[in-house]
Amino acid sequence: MSAYKRIRRSRILITLATAATVALAVAVTLALTVTTYDHMSPRAARDKAKGQVTGAVDCRKAKCVALTFDGGPSATTPRLLDILKQKHLHATFFLQGRGHIAKYPAILRRIADERHELGNHTWTHPVLTEIDADQARQELTRTQDAIEKITGTRPALMRPPQGRTDRKLAGICRKLGLAQILWSVTAKDYETTDTALITKRVLEQTHRDGIILLHDLHKGTVPAVPGIIKTLQQRGYTIVTVSQLLAPAQPQPGMVYRP
């Protein structure tokens, strides 16, 4: 084979190898970005819905953000409820069973009595995609039953621990009448007791139609709430529950809502 042919053949092989590498990279990127469940943003849900909003806030017109708390009720929750009552605000509480609902039924009753929105955050906080379907169903059903027994209300919303979900879990939630609610703002308040840092993280991440995730059981979180509320309101935000953020759409069981 001549030198020319050898060089030409080498160039062809290099070109083919490069193309194969690029194709593989694209395939991997797509695999990492394609979700395995149906999801919708709050704005998309509102845009698809018909009818009027019942209540004082219409997030089609107002600059809304939903305020949510995971992992309660806890000993710190009454102070949070005092703050929200003073500010005339309502939040969505994703409630956990063992060590929380079971330990603080009176606080849960107060959350409901003061018209905050109730959600399900499982009984023992497992990653639901890593356990079998029967276990996942039991985690949610046991929590539903406990909340209903104490408050008379059966939640229509749930939040999967760590935000981990898939089609299997979506099917379970669909049968249980639970919409899945993720988030767009996290202070990672489980990592720090620094109230100023928690406040800074929330304010830096918040945008219209966002969903803020906090944990009222952690030491630095509740003290951060007044400053978060004050600054967001100064920036023109209306603070709402998840259902208010979606209205006039109704949360659809099994669907994942994420900003």
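Okay, let me start with strand 9, which gives the most to the lining of the largest pocket, with 3 residues. Keep in mind that this is a predicted model.

So, that pocket. The largest pocket has a volume of about 350 Å³. It's lined by 19 residues, and if you go to the centre, the closest ones are V53, T54, S243, Q244 and A247. In terms of elements, strand 9 covers 238–240 and helix 10 covers 242–246, and each of them supplies at least two residues of the lining. What about the chemistry? How do the lining residues of the largest pocket divide into nonpolar, polar and charged? We get 10 nonpolar and 9 polar, with no charged residues in there.

Now hop over to the second largest pocket. Here we're talking about 260 Å³ of space. Sixteen, written 16 on my slide, is the number of lining residues, and nearest the centre you'll find H125, Q162, Y190, L213 and H215. This lining does have charged residues, 3 of them, alongside 8 polar and 5 nonpolar.

In case anyone wonders how you look for such spaces, rolling a probe the size of a water molecule over the atoms shows where empty space is left.

Next, one residue I'd like you to click on: T206. You'll find T206 in the loop between helix 8, that's 195–205, and strand 8, which is 210–214. Buried or exposed, what does T206 count as? Its relative accessibility is 5%, so T206 counts as buried, given that the cut-off for buried is under 20%. And who is around T206? Leaving aside neighbours within four places in sequence, T206 is in contact with V65, V185, I212, L232 and Y237. The side chain of T206 also has a polar partner: it reaches the backbone oxygen of V202 at 2.7 Å. V202 falls within the range of helix 8, 195–205, so to speak just back along the chain. Last bit, zooming out to the whole protein chain. The secondary structure comes to 10 helices and 10 strands. Of the 259 residues, 47% are buried. If you take contacts with a separation of 6 or more, 74% of them are between residues 24 or more positions apart. As for the outside, the accessible surface is about 13500 Å², and carbon and sulfur atoms hold 53% of that.

That's my tour, thanks.

Key
Residues are numbered from 1 along each chain as its sequence is written. This is a predicted model: local features need pLDDT of at least 70, side-chain atom pairs count only at pLDDT 80 or more; totals for chains, interfaces and linings use all residues. Side-chain values use heavy atoms; hydrogens and water are left out. Helices (H or I, at least four residues) and strands (E, at least two) are DSSP runs, numbered from the N terminus. Buried means under 20% relative accessible area, exposed over 50%, partly exposed in between (1.4 Å probe, protein chains only). Contact means heavy atoms within 4.5 Å. Accessible areas come from the Shrake-Rupley method with a 1.4 Å probe; for residues, only the protein chains shown count as cover. A polar contact is a pair of N or O atoms within 3.5 Å; within protein, one must be able to donate a hydrogen and the other to accept it, and residues adjacent in sequence count only if both atoms are side-chain atoms. On a 1 Å grid over the protein atoms alone, a cavity is a set of points where a 1.4 Å probe fits but cannot get out, and a pocket is an open set with protein on both sides within 12 Å along at least five of seven lines; lining residues have an atom within 4 Å of a point. Grid points are joined across faces, edges and corners, and a volume is the space filled by probe spheres set on the points. Ala, Val, Leu, Ile, Met, Phe, Trp, Tyr, Cys and Pro count as nonpolar, Asp, Glu, Lys and Arg as charged, and the others, Gly among them, as polar.
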